[in-house]
Amino acid sequence: MAMATRVFLLLLLFLISSLSPCFSLYEDQVGLMDWHQQYIGKVKHAVFHTQKAGRKRVVVSTEENVIASLDLRRGDIFWRHVLGPNDAVDEIDIAFGKYVITLSSEGSILRAWNLPDGQMVWESFLEGSKQSKSLLAVPANMKIDKDNMIFVFGKGCLNAVSSTDGVVLWKKDFADESLDIQQIIHPPGSDMIYAVGFVGLSQFDVYQINVRNGEVLKHRTAAFPGGFCGEASLVSSDTLVALDGTRSSLISISFLDGEISLQQTHISDLVGDLFGMAVMLPSKLTGMLLIKINNFMVFVRVADEGKLEVTEKINDAAVSDALTFSEGQQAFGLVEHGDSKIHLTVKLVNDGNGDLLKESIGMDYQRGRVHKFFINNYIRTDRSHGFRALIVMEDHSLLLLQQGEIVWSREDGLASIVDVTSSELPVEKEGVSVAKVEHNLFEWLKGHMLKLKGTLMLASPEDVVAIQGMRLKSSEKSKMTRDHNGFRKFLIVLTRAGKLFALHTGDGRVVWSVLLHSLRSSEACADPTVLNVYPWQVPHHHAMDENPSVLVVGRCGPGSDAPGVLSFVDTYTGKELDSLVLSHSIERIIPLSFTDSREQRLHLIIDTDYHAHLYPRTPEAIGIFQRELSNIYWYSVEADYGIIRGHGLKSNCILQEGDEYCFGTRNLWSIVFPSETEKIIATVTRKLNEVVHTQAKVITDQDVMYKYISKNLLFVATVAPKATGQIGSVTPDESWVVVYLIDTVTGRIIYRMTHHGTQGPVHAVFSENWVVYHYFNLRAHRYEMSVVEIYDQSRADHKDVWKLILGKHNLTSPVSSYSRPEIITKSQTYFFTHSVKAIAVTSTAKGITSKQLLISTIGDQVLALDKRYLDPRRTINPSQAEREEGIIPLTDSLLIIPQSYVTHALKVEGLRGIVTAPAKLESTTLVFAYGVDLFFTRLAPSRTYDLLTDDFSYALLLLTIVALVAAIFVTWILSERKELQEKWR
């Protein structure tokens, strides 16, 4: 048997060495568990570049402050730049056919980008003294061999900037004249420019300026007794049409050679049968302007001597700017809506009856209406002119239309996500194998033989490609049913446009999307605003026949006192089940921990009058709520006034006697922070659905500390009022950060710490019994992260097992916020390298796995930092027992390992938030980061101790077992034969 034992041990060693797990992420594994999607946002401006040489592209700027170059053939991104959150793009244009010129930050920053690759050529900062309209004028006849000028108006100043290097050649300040320039006009080949605009509400000014030195050659002024409302449209190089102060007349203003003449026309004389307030729409149509009255768009042509006449009236359409396409001819596009179709018409500007193009394109009604579009021409094979249209829809999606078809589309509404929640996929039907991967036994054997060759490093390059393809195919990550590990889920995301998307966590594809009817602009809800999305119905056990649903919350207006809107959506189908326009406002939503028999979660909606409204409005819900009424508390934060209040509920609302679902509130406590020394800048609470595995924490020498676990704790950070500006705007002696931990039931402050010489912004995360927060140290000129852990001393005494068994131990006694807690806190502060945008924490199904902090860095990446690095019990020289416990030696700064970046080498541009959701496997958490881009991955903070890796070689395991059995059998025969021979001796 000794020989058999040796053979067995050798084979076992081979098995262990062959199947040893690898925790590194190789290049070919990127994309198996994560995905990354790039977007640009809702397009504001677009300029086509379709010259014969080079790629055909369109350069766009968006509401997410993105400048991008898109491929006209497929819609892919050639390049893009995401500017800062306060650097909104005002105008874009193309110069010389190879530079993109952008004006941003209210006319204060002018940049030139290289068109092919997006590299910045130059950047110019333009100073000014007042807020004003931003205008960019790039001459159309610029020549490369000459030093041309770009004219910019912003911050009350007119600037002439060199197109070669961005140097400001001259500057004219109009702040003293209070001139609000409406247009900058540079006639082709002229050495003069015209700056025209309004002074106040009743005066129109024209400045004739020398292009070379900025000298004012002529200045003319004209007053209009009726006044102007500030809306105007340039219809030719010397004529502008403005709307008067009462919006009842159009004023034709001619300024030929600097001489001003005014001509008034009453709108009622033009439109006759239309009544309502007139609004002038921005347009760039030569000889024509647009006004909107109610839902009708009126085309007004400017005839000889400033005479106005109506050419067409259209009910609610979208109009493009003018396009010069052949021998000075100009065309514009018009989009009208029909039944599930849009009708695109391209017309000549000066000939209302000349239709150059007329097409009808089928359109998904979930995209909404056309908000804006841009047209471009091309030469067909028969040398005639064709037209393509870039369409921006109501849901912020972007489409290219050509020859009556949608060439490509982009779901750029996903760049403006407001809120995220997760939902389970449907359960797999009976009779279908969950573990179905290959089609037959032959494919199964072939696949595992390839994996075996890869493990033994015998695979050819073709085999490696085949193995990678099989991994992607057999991962089952894109199936539309639940998996037993809980990796496949829906990410339900709500966008600023009021559209709800269901993204599959496997590959990030859009499973369904719905533009919520209740959150679209209408007569009942003129200016809707989306707020949040919450899980509404999560079926379990007795309610499995019900589909899960989510609650979408919004307002009919930008203010907090606007009426609320509720929408209920089925997460399996995307169908809007119901919607409600509320009679009350929405100040705050409080999801309760109670559910009814249909697994609908009860929610409290607090209005601006501090009345609480219960939903769902059913007798069962009110019965459940009445039983728990005395145990429901909530708080409100008035950051502008420095007040935090605690509230409880009482009987039904006094003013609404007939509404049994409305409850009054009573003030329980209030904390007023002194306005001279403190201003609230951040508040954080624990996640409502966070799972805590155990209250006990075993420390050195087998001692036990008990975590102070309370869902009623609120973390509050305040700063000195002078320090609310940018970092470095105050001295260290004038700035401080004060943090509090407050019990929201009693208002008791259980912890307070002052950090002198520090400044916000403060980013924090609260989990279990600890809070981590990030701020800036002005004295050290570095960022810092502090951690506070809270422990309950009242539960640490009398550790008697028999009392615990008999139910007399104090651990089994109920916990009340009204009993004064005996707590101790442990805290520590560390230097941190990065500025931070947001902080989140991983969450798992049972709360057993160790935590990781997910930190959104200023570089738009996500860093996973083990909570052990932020253990306040770290010391410089930990004892052997502390090392065994996992205590890391103390350092003054937190160590950042490059491999700790969850996003690898990718960037989530404009990163705004990080959301985590637990998988069914305790070791794994799902992480979703969103901004302009989207990123999803799976994390295992303590490694996948409960899961075999995807590339685990079952074939090698089977061969090893067979080899072991054969070896044991052979050695047994040899051993028996040897023993028999020895007996015959």
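Select strand 4 and strand 5 (residues 77–82) in this predicted model. Five bridges join the two strands, and they run antiparallel. Val66 stands opposite Val82 of strand 5. Follow the chain round the turn: the two strands make a hairpin with five residues between them. Gly75 sits in that turn, and its phi is positive, about 85°.

Now colour strand 4 by burial. Strand 4 spans residues 66–71, and six of its six residues are buried. Look at the two faces in turn. One carries Val66, Ala68 and Leu70, the other Ile67, Ser69 and Asp71. Both faces are covered.

Add strand 3 (residues 57–62). What joins strand 3 to strand 4? Five bridges do, with the strands antiparallel. Pick Val59 and look across: Ser69 of strand 4 stands opposite. This pair of strands is also a hairpin, with three residues between them. Stop at Asn65 in the turn, where phi is positive at about 60°.

**Into the core**

Stay in this region and select Val60. Which residues does Val60 touch, leaving aside those up to four places away in sequence? The list includes Val66, Ile67, Ala68 and Leu70. It also includes Ile40, Val43, His45, Ala46, Ile92 and Leu390. Show these as sticks around Val60.

Next, widen the view. The largest nonpolar core has 35 residues. Val60 is among those with the most contacts inside this core, together with Leu390, Leu503, Phe928 and Leu934. Another core, of 21 residues, lies apart from it. To find that second core, select Ala331, Ile342, Val370 and Ile391, which are among its members. In soluble globular proteins, nonpolar side chains tend to be buried together.

**A four-stranded sheet**

Move on to strands 6, 7, 8 and 9. They form an open sheet in the order 6-7-8-9, with antiparallel pairing. Which strands stand at the edges? Strand 6 (89–95) and strand 9 (120–125) do. Each has a single partner strand, so one side of each is left without a neighbour in the sheet. Turn the view to see the twist, which averages 15° from one strand to the next.

Zoom in on the middle of that order. Strand 7 (residues 99–104) and strand 8 (residues 109–114) run antiparallel and are joined by six bridges. Select Val100; its bridge partner in strand 8 is Trp113.

**The disulfide**

Select Cys525 and Cys556. Their sulfur atoms are 2.2 Å apart, and the two form a disulfide. The count for the model comes to one disulfide. The angle about the S-S bond is -120°, and the link is left-handed. What does the link tie together? Cys525 lies in the loop between strand 38 (510–515) and strand 39 (529–537), and Cys556 in the loop between strand 40 (549–555) and strand 41 (563–570), so the pair ties together parts that are 31 residues apart in sequence.

Check the surface next. Cys525 is buried, with a relative accessible area of 3%. Cys556 is buried too, at 14%. Two further cysteines are worth a click. Cys157 is buried at 1%, whereas Cys229 is partly exposed at 25%.

**Backbone stops**

The last stops concern phi and omega. Most residues other than glycine have a negative phi, and most peptide bonds are trans.

Select Glu599. Its phi is positive, about 65°, although Glu599 is not a glycine. Glu599 sits in the loop between strand 43 (588–595) and strand 44 (601–606). Is Glu599 buried or exposed? Glu599 is buried, with a relative accessible area of 11%.

Jump to His904. This residue other than glycine also has a positive phi, near 60°. Look for His904 in the loop between helix 7 (880–885) and strand 62 (913–918). His904 is partly exposed, at 27% relative accessible area.

Go back to Tyr615 and Pro616. The peptide bond from Tyr615 to Pro616 is cis, with omega near 5°. Pro616 belongs to the loop between strand 45 (612–615) and helix 5 (619–627).

Finish at Gly760 and Pro761. A cis peptide bond joins Gly760 to Pro761, with omega about 10°. Where is Pro761 placed? Pro761 is in strand 55 (residues 758–767).

Terms used
Residues numbered from 1 in each chain as written. Predicted model: local features only at pLDDT ≥ 70, side-chain atom pairs only at ≥ 80, totals over all residues. Heavy atoms only, no water. Disulfide = S-S within 2.5 Å. Buried < 20%, exposed > 50% of the residue type's maximum accessible area, 1.4 Å probe, protein only. Pairing = 2+ DSSP bridges. Core = buried A, V, L, I, M, F, W, Y, C linked by side-chain atoms within 4.5 Å. Contact = heavy atoms within 4.5 Å. Axes fitted to C-alpha atoms, helices over the stretch in contact; angles between N-to-C directions.
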